[in-house]
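Biologist: Let's go through this model together. I'll ask about charge pairs and cores, and you reason from the atoms.

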Amino acid sequence: MIKGRGATRSPKPRFLNTTTVPVDDGWKAQDLINCEFSGKAPGTHLFPDKTRTLITTNQSPDVPFNQSINPYKGCEHGCVYCFARPTHAFLDLSPGLDFETKIFYKTNPVDRLREALDNPRYVCEPIAMGTNTDPYQPAEKELRVTRRILETLLNYRHPVSIVTKGVLILRDIDILQELAKHELVSVAISVTTLQTELKTKLEPRTASPNARLRVVRTLSSAEIPVGVMVAPIIPMLNDHELEKIVHESAKEGAEFAGYIMIRLPLEVRPLFEEWLEQHYPMKASRIMNRIRDLHRGREYTARFGERMRGSGIYAELISKRFALALSKSGLPSFSSDLQPEGGERRLFANTRGTGALRTSRFQRPGELPLEFDD
């Protein structure tokens, strides 16, 4: 176990044919000692990611957005279950410790975003942030990549949704309030557990459960549409907290809630299994068996419609429990409806106004507004 890190090692990137093995040759230069060999916690290193295109598009039918922006590659939060870990292999880096210690940040984000939005062929649709790695991880405090993107989106009156575990989002409450006035923003705070001990093991560098609930309360008090994502739900580890998380979040002002079952694609599965054996050895086999129940006997399936919710009796039980929890807490049914509604796009159901993010208010700086408010 490496203090402050989620992964226990750095498995070889799947696209590399070579493997490095730490060997003590007597050379004691501190910077050259491999962290796995020395047993010392590796530090975080930031690298510029030369950005050509900022906006990423997708055609997935089971996510509530068509385009997204990820300000960072890799995430220092170190959540061991993170389904984005395998993306580091495309950089010839390990989805293990490299993913949470070697962080790449987008360069010239304002210029790249303006180029995209100024393109005459661009059609305004809500942009999702935080769907891959957290836009409010520690590096954002100094780099301010996410803030600069939000400032630009506000300038263009462009709708955006944000998912985060980070309390740093409160730094940008001024921009979020302005976006909210024009119905251009929706925030979802990821709440995995209300147990500090489990959070520390599962998500070592994230905000505490109480801190995340305070973020919900603060954003709600500022009249910024906010909800929670109970994600991921892990059988026999945090699934018993589902109702309490929904209830406590609603008390703090959450307007909507959603959930996602744990996903273990590619290198994430062995990393998660090693983590289980280290922290919960008596439960490990039972947890993995229940995860296989969600995916027709496999640890994971990428099938649309099942990859994030699972299938079978256990998946149906969680779905019914979640629906009942929403009902008891006075929250609307979870929705990822992307169908146009009066020219708008709906990213998350909520109780304020129409619940939609306004695409009709998009305007390029210097252009006359297409919509006039009463």
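Biologist: Is Arg361 buried or exposed?

Modeller: One caution: this is a predicted model. The cut-off for buried is under 20% relative accessible area. Arg361 has a relative accessible area of 15%, so Arg361 is buried.

Biologist: Which residue meets Arg361 in a salt bridge?

Modeller: Side chains of opposite charge can pair when their charged atoms come close. Here the N to O distance is 3.7 Å. The partner has 25% relative accessibility and counts as partly exposed. It is Glu183.

Biologist: How many residues apart are Glu183 and Arg361?

Modeller: Glu183 is in the loop between α6 (173–181) and β8 (185–190). Arg361 is in the segment after α12. The pair links distant parts of the chain, and the separation is 178 residues.

Biologist: How far apart are the closest N and O atoms of Glu306 and Arg296?

Modeller: Both residues are in the loop between α11 (284–294) and α12, ten residues apart. Glu306 is buried at 10% relative accessibility, whereas Arg296 is exposed at 57%. They form a salt bridge, with the closest N and O atoms apart by 2.3 Å.

Biologist: Which residue forms a salt bridge with Lys102?

Modeller: Lys102 counts as partly exposed, at 26% relative accessibility. The side chain that meets Lys102 belongs to a buried residue, with a relative accessible area of 13%. The N to O distance is 3.5 Å, and the partner is Asp98.

Biologist: How many salt bridges does the structure hold?

Modeller: Some salt bridges are linked in a network. Its residues are Glu140, Arg147, Glu151, Arg171, Asp172 and Asp174. For the structure, the count is 24.

Biologist: Now the nonpolar side. Which helix gives the most to the largest nonpolar core?

Modeller: In soluble globular proteins, nonpolar side chains tend to be buried together. The largest nonpolar core here has 57 residues. One helix, residues 313–329, gives six residues to this core. That is helix α12.

Biologist: How many residues are in the second, separate core?

Modeller: Its members include Phe99, Trp275, Leu276 and Ile291. The number is 22.

Biologist: Back to the largest core. Which residues is Leu219 in contact with, leaving aside neighbours within four places in sequence?

Modeller: Leu219 is among the residues with the most contacts inside the largest core, along with Leu150, Ile162, Leu176, Val185 and Val187. Contact requires heavy atoms within 4.5 Å. With those neighbours left aside, the list is Ile169, Leu170, Ile173, Leu176, Val187, Ile189, Ile224 and Val226.

Note on methods: Residues are numbered from 1 along each chain as its sequence is written. This is a predicted model: local features need pLDDT of at least 70, side-chain atom pairs count only at pLDDT 80 or more; totals for chains, interfaces and linings use all residues. Side-chain values use heavy atoms; hydrogens and water are left out. A nonpolar core is a set of buried Ala, Val, Leu, Ile, Met, Phe, Trp, Tyr and Cys residues joined through side-chain atoms within 4.5 Å. Buried means under 20% relative accessible area, exposed over 50%, partly exposed in between (1.4 Å probe, protein chains only). Helices (H or I, at least four residues) and strands (E, at least two) are DSSP runs, numbered from the N terminus. A salt bridge is a side-chain nitrogen of Lys or Arg within 4 Å of a carboxyl oxygen of Asp or Glu.
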